[in-house]
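Work through these exercises with the sequence and the 3D view open. Try each task before reading its solution.

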Amino acid sequence: MTTVAVHRVPGRLGRFTLRTFRPQIYVTYGVLWVCALEGSAVALTGTSWRPTGATCVRAVSVVLVLLFLRMLDEQKDLEYDRVHHPERPLVTGAISAAELRGAMAVLAVVAAGLNAALSATAVLLVLAAFAHGLLAALLERVSAAVRDRQLLNLAVVCPVQVLLGCYVYGSTAAAGTVTADWRGAVLIVLCVCVFLHFEFARKTAWEAPPGARLYSADLGTGPSVLIVMGLVAGAVACQIVLFAADGGSLWPLSCLPAVLPLWGARRFSTARRGGWPLLPATGFVLGTHLALALQAVALR
């Protein structure tokens, strides 16, 4: 293995992040996710919400966890990428596993340090998300079934989304900003439905190349499409349960992004080839979180 000069490591990590993490998408998603969840939790108490320093800590922490998971994925998918994605940075040597592991340790330490300013609960919850990512990677390494069966893999990996939701909501409750109740669970389910919509959409296609990791390859295209759209319905149902009774007159606006998956479904069914169009799937994720955050700010 070639030794890389220490002064070159930050640049290599920076290029890796810009190439694989796509800050314009993932950072935007992380920030909007925190604003939507925290803002909605506050709005459900009947008061308008404004971001605070604690909101910034939560947003940065979620982004750090997402980057940590992206670095982890790069390592655990190495053998698959050597065959299917030989251009990946770890395959080409643009970054090394040791550099990624070092950066991951720094991310975890920084996140813990930031949350120490909030509460011990916040520290424990954010570290739980990091720990679950490592546990899921270990299970993939030791179990061929977890590694190769898409739905089982999703069941192992997806709880990190729940843990991040628990971190945002739980740290907000620990600060006394909201009182934890059943609505927190519904908010987290809402966010998980939105995430899973994108996850299933990006792995749904009419054709499945040999060895491709697609849900549609395991379930069939039709059932995969039903799940993609069912998750949209689940997200909308959660919003109705939470906001229809006491969310004021603006709550239907937060459901408007649901028209984007309908557009995506029409394009996909008309094309009869290729994969699910990612633009409407991405738009639904970002649009729903943005609408929820704006609704929380606008509440009087």
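**Exercise 1. Locate arginine 272 and describe its backbone and its exposure.**

Step 1. Arginine 272 sits in the loop between α14 and α15 (278-298). The model is a predicted one.

Step 2. Check the backbone. Phi of arginine 272 is near 60°, which is positive, and the residue is not a glycine.

Step 3. Check the surface. Arginine 272 has a relative accessible area of 54%. The cut-off for exposed is over 50%, so arginine 272 is exposed.

**Exercise 2. Do the same for arginine 22: where is it found, and is it buried, partly exposed or exposed?**

Step 1. Arginine 22 belongs to the loop between α1 and α2. Its place is just after α1.

Step 2. Phi of arginine 22 is positive, about 45°, although the residue is not a glycine.

Step 3. The relative accessibility of arginine 22 is 41%. Partly exposed lies between 20% and 50%, so arginine 22 counts as partly exposed.

**Exercise 3. Compare the reach of helix α1 with its expected span, then sort its residues into buried and exposed.**

Step 1. Helix α1 covers residues 9-21, which is 13 residues. From first C-alpha to last, α1 reaches 17 Å. At 1.5 Å a residue, 18 Å is expected, and the reach is close to that.

Step 2. List the buried residues. In α1 they are Val9, Arg12, Leu13, Phe16, Thr17, Thr20 and Phe21.

Step 3. Find their side. These residues cover an arc of only 135° around the axis, so they lie on the same side of α1.

Step 4. Recall the helix rule. An α-helix has 3.6 residues a turn, so residues three or four places apart point the same way.

Step 5. Turn to the other side of α1. Arg15 and Leu18 are exposed there.

Step 6. Ask what covers the buried residues of α1. The cover includes α2 (23-43), α3 (53-76), α5 (89-92) and α6 (97-116).

**Exercise 4. How do α1 and α6 pack, and which residues meet?**

Step 1. The axes of α1 and α6 are 11 Å apart, and the packing angle is about 85°.

Step 2. Name the arrangement. An angle from 65 to 115 degrees counts as roughly perpendicular, so α1 is roughly perpendicular to α6.

Step 3. Name the partners. From α1 come Val9, Arg12, Leu13 and Phe16; from α6 come Glu99, Leu100 and Ala103.

Step 4. Sort them by class. The contact has five nonpolar residues, two charged and no polar.

**Exercise 5. Test the length of α6 and describe what is buried in it.**

Step 1. The 20 residues of α6 should span 28 Å at 1.5 Å a residue. The end C-alpha atoms of α6 are 29 Å apart, which agrees.

Step 2. The buried residues of α6 are Glu99, Leu100, Ala103, Met104, Leu107, Ala108, Ala111, Ala112 and Asn115.

Step 3. The cover over these residues includes α1, α3, α5, α7 and α10 (159-174).

**Exercise 6. At what angle do α7 and α9 cross, and what classes of residue make the contact?**

Step 1. Helix α7 is residues 120-142 and helix α9 is residues 150-157. Their axes come within 9 Å and cross at roughly 155°.

Step 2. Angles over 145 degrees count as roughly antiparallel, so α7 and α9 are roughly antiparallel to each other.

Step 3. His132, Ala136, Leu139 and Glu140 in α7 are in contact with Asn153, Val156 and Val157 in α9.

Step 4. By class, the contact of α7 with α9 has four nonpolar residues, two polar and one charged.

**Exercise 7. Is threonine 204 buried or exposed, and what does it touch?**

Step 1. Threonine 204 lies in the loop between α11 and α12 (215-219).

Step 2. The relative accessibility of threonine 204 is 1%. Buried means under 20%, so threonine 204 counts as buried.

Step 3. Leave out residues up to four places away in sequence. Threonine 204 then touches Ser216, Ser224, Val225, Val228, Phe268, Gly275 and Trp276.

Step 4. Take tryptophan 276. Threonine 204 and tryptophan 276 are 72 residues apart in sequence, but their C-alpha atoms are 5.8 Å apart in space.

How values were computed: Residues are numbered from 1 along each chain as its sequence is written. This is a predicted model: local features need pLDDT of at least 70, side-chain atom pairs count only at pLDDT 80 or more; totals for chains, interfaces and linings use all residues. Side-chain values use heavy atoms; hydrogens and water are left out. Axes are lines fitted to C-alpha atoms, for helices over the stretch in contact, and angles run from 0 to 180 degrees between N-to-C directions. Helices (H or I, at least four residues) and strands (E, at least two) are DSSP runs, numbered from the N terminus. Angles under 35 degrees count as roughly parallel, over 145 as roughly antiparallel, 65 to 115 as roughly perpendicular and the rest as oblique. Contact means heavy atoms within 4.5 Å. Ala, Val, Leu, Ile, Met, Phe, Trp, Tyr, Cys and Pro count as nonpolar, Asp, Glu, Lys and Arg as charged, and the others, Gly among them, as polar. The expected span of a helix is 1.5 Å times one less than its number of residues. Buried means under 20% relative accessible area, exposed over 50%, partly exposed in between (1.4 Å probe, protein chains only). The arc is that of the directions from the helix axis to the C-beta atoms.
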